[in-house]
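The following exercises ask the student to read a model step by step. Each task is followed by its worked solution.

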Amino acid sequence: MTNPLANRIALVTGASRGIGFATARALAKAGAHIVAVARTQGGLEELDDEIRKDGGSATLVPLNLTDSDGIARLGAGLHERYGKLDILVGNAGVLGPSSPVGHIELKAFTDVMAVNVSANFQLIRCMEPLLKQSDAGRAVFITSGAANKATAYVSPYAVSKAALETLARAWAQETANTPIRVNLFNPGPVRTRMRATLMPGEDPATLDTAEQVAEFIVPMCGPGWTETGKFYDYKTRTLMSFRAPA
């Protein structure tokens with residue numbers, strides 16, 4: 001059995017459940033040491049148990065990603081312990097209110113932006129120096145079709161994912177001549193708690209699992225992945241380039 005990600009350090013946010021949990025476990029199975037970040041201590045401990053069962057290893061980091069100083073301390077800690085970071089998976093996200101734009105409170109809007117955009121901005125700031133110390137730094141951010149569909153009644157979420165996509169694409173251009181590769185991944189409808197909250201009447205059995213999705217994220221995190229600034233659409237299994245509107 002090969003471990004293509006042996007000796008690689010992978011930071012995964014939102015790792016206590018859903019796609020983050022599944023991706024962290026899949027990366028660990030491929031040989032990476034996981035730095036698992038989430039607010040929920042219990043979920044992180046469950047992840048650690050599963051990773052250990054699989055023969056892998058993890059460092060658990062209970063952290064609210066709105067704590068920008070906490071992200072900075074995490075970067076400093078990783079520098080001191082490992083001197084590098086090979087993989088960053090920006091998965092953590094919140095749905096926010098489902099309501100017409102005019103009915104949404106300002107704080108509810110800014111709370112979504114804080115987690116889905118500002119936290120990823122701070123992760124980039126604090127982790128880029130560590131990714132540059134890797135021979136093949138890889139970053140994957142989880143986005144949503146809501147970003148380009150401008151989905152009604154979930155405007156904070158849609159706006160935040162559109163902003164995240166632009167942030168990641170700009171960073172990809174800035175790092176194009178370095179060993180860092182930056183890409184976006186759109187899982188589409190997946191059997192997660194967030195999806196159930198948004199679509200309570202939907203039969204979850206009709207949706208793919210987070211574990212199925214994670215298998216497609218793992219290759220984007222490996223040294224063999226050379227594309228940057230691209231968008232992987234899980235539903236169609238297609239790697240896409242961005243282009244200007246017609």
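**Exercise 1. State which residue follows helix H1 and give the sign of its phi.**

Solution. Helices (H or I, at least four residues) and strands (E, at least two) are DSSP runs, numbered from the N terminus. After H1 comes Gly-31, with a positive phi near 110 degrees. The model is predicted: local features need pLDDT of at least 70, side-chain atom pairs count only at pLDDT 80 or more, and totals for chains, interfaces and linings use all residues. Residues are numbered from 1 along each chain as its sequence is written, and side-chain values use heavy atoms, with hydrogens and water left out.

**Exercise 2. Check the length of H1 against the expected span.**

Solution. Step 1: the expected span is 1.5 Å times one less than the number of residues in the helix. Step 2: H1 covers residues 18-29, that is 12 residues, so it should span 16 Å. Step 3: the end C-alpha atoms of H1 lie 17 Å apart, in agreement with that value.

**Exercise 3. Determine how many residues of H1 are buried, and what they pack against.**

Solution. Step 1: buried means under 20% relative accessible area, exposed over 50%, and partly exposed in between (1.4 Å probe, protein chains only). Step 2: nine of the 12 residues of H1 are buried, among them Ile-19, Phe-21 and Leu-27. Step 3: contact means heavy atoms within 4.5 Å. The buried residues of H1 pack against strands E1 (9-13), E2 (33-38) and E4 (87-90), and against helices H2 (41-53) and H8 (210-217).

**Exercise 4. Describe the order of the strands in the sheet.**

Solution. Step 1: two strands pair if DSSP finds at least two bridges between them. Step 2: the eight strands form an open sheet with mixed pairing, in the order E3-E2-E1-E4-E5-E6-E7-E8. Step 3: E3 (58-62) and E8 are the edge strands, each pairing on one side only.

**Exercise 5. Contrast the pairing of E4 with E5 and that of E7 with E8.**

Solution. Step 1: E4 and E5 (residues 138-142) pair in the parallel sense over four bridges, and Val-89 stands opposite Val-140 in E5. Step 2: E7 (residues 230-233) and E8 (residues 238-241) pair in the antiparallel sense over four bridges. There, Phe-231 has Met-240 in E8 as its bridge partner. Step 3: four residues lie between the strands of this hairpin, in which Arg-237 takes a positive phi near 55 degrees.
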